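Me: I would like a close look at a single part of this model, with its surroundings explained carefully and the cut-offs stated. Please begin with one local detail and widen the view from there.
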Amino acid sequence: MIAQRLHAAAVSLLHAERRIDPFIRPALDSLFRPWLAALTQSLINRTRMPEPDEPARETPLPDEAAIAASIIATMAAYMRSMYAPGGFQRAGNTKTHAVLRGRFIVSPDLPPALRHGLFAEPGDYPAWIRFAGPGPDSPPDIEDIGVLSFGIKVMGVPGEKLLADERFTQDFTGISTPTFTTPNVRENAKLQRAIARRLPLFYFLDPRDPHLFDAIMQGLWARTQTSPLETPYWSCVPYLLGEGQAMRYSLVPVNAPHSKVPRLPLRPPDNYLREAMVATLAERDATFDFRIQRQTVPSRMPIECASVIWPERLSPSIPVARLILPRQIFDSAAQLGFASSLSFNPWHALPAHRPLGNQNRARLVSYEELSRLRQEMNATPHVEPTGDEVFG
């Protein structure tokens, strides 16, 4: 009871901060974020487990299968406790802000080291893009934790895929912080147990097992968002870029407008993020650069630890594709409902982009199992989209 009251008080303070965040955050970020992030990263690197100094080398945890099973059980139990059949939501990346039609255009004349998999040849592919909140709940936008997520489903991609349930798709996913919420799958299991107890903040602040460095990294980028079209995103975890070479990727807006959050410091509309996208895409296209960062110094750019930023000074991110979201009307109930039939999974991938690291290996089973549960409980069968879908 005391823990729940303390947690509720902390959440109330966070909600209050979100109302004034846009007025103070730009100055604070400019003054403090670079050196705070550098200091925190230095401490994380000093305390994390060392990894082999070999490119794209994975080092599985001895109990990964059991950990992944525990995460699935915890998240499935949470979903069953929160939702009735017909109304199941995703256990993560829960609140759908939009499902948008787009084009994923692979650039010509890329450097040879980047020409692998989807990026081997220039191409123009249809895509569906889902922007979402982090979950596991779907609160009013101003009461979310200030982190957004994306899922890109590139369609019409030829070649063998790692998962058999979709034949022509390549998925990319990421969030609006450059490090993941937890460093590895073992700690992620602890976070899921804290969420199940309705005490997620205590995962970071538990004095017996604190995760303060990860809390700082998340807090430096979590903020009152203005629009999902106006923030950068990162994969946080690595993927193959051809055999024996690892990459991370990012999604960076190009010439994005800067929307204002309406009514602050009073309460904005519950779905103001969707409304901001509606306003933007009614007037203009939205464009993102899709960038790749190669692993060049494995000792500084780990595969298994998602708490570490891969330094740009060691390997600059290079644009390899453009994601174009054309002007469109997208907020119909039918199109929003289409999200329930879609499964975004990083293992919907060409072998040249196989997911790497313990968090991704856990996703191989957890995403499939939890997506299957959600779609079975809602009687919405899994659909492999083609890009030709039309909504009323």
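In the hairpin of E6 and E7, which residue takes a positive phi, and how many residues are there between the strands?

Reply: This is a predicted model, in which local features need pLDDT of at least 70 and side-chain atom pairs count only at pLDDT 80 or more, whereas totals for chains, interfaces and linings use all residues. Residues are numbered from 1 along each chain as its sequence is written, and side-chain values use heavy atoms, with hydrogens and water left out.

The residue is glycine 242, whose positive phi is near 80 degrees, and the hairpin has 5 residues between E6 and E7. Strands here are DSSP runs of type E with at least two residues, helices are runs of H or I with at least four, and both are numbered from the N terminus. Strand E6 covers residues 239–240 and pairs with E7 in the antiparallel sense over 2 bridges, where pairing requires that DSSP finds at least two bridges between the strands. Within this pairing, tyrosine 239 has methionine 247 of E7 as its bridge partner.

E7 also pairs with strand E5, residues 233–234, again antiparallel and over 2 bridges, and there tryptophan 234 is matched with serine 250 of E7. With strand E8, residues 286–294, E7 forms an antiparallel pairing over 8 bridges, in which leucine 251 has phenylalanine 290 of E8 as its bridge partner.

As for its surroundings, E7 spans residues 246–254, and 8 of its 9 residues are buried, so the strand is largely enclosed by the rest of the structure. Buried means under 20% relative accessible area, exposed means over 50%, and partly exposed lies in between, with a 1.4 Å probe and protein chains only. In a regular strand the side chains alternate between the two faces of the sheet.

Turning to the whole protein, it has 8 helices and 9 strands, and buried residues make up 53% of its 392 residues. Its radius of gyration is 20 Å, which agrees with the value near 21 Å for a compact globule of 392 residues; the radius is taken over C-alpha atoms, and the globule rule is 2.2 Å times the number of residues to the power 0.38. Along its principal axes, the C-alpha trace spans about 55 × 55 × 45 Å. Of the contacts with a separation of 6 or more, 79% join residues 24 or more positions apart, a contact being heavy atoms within 4.5 Å.
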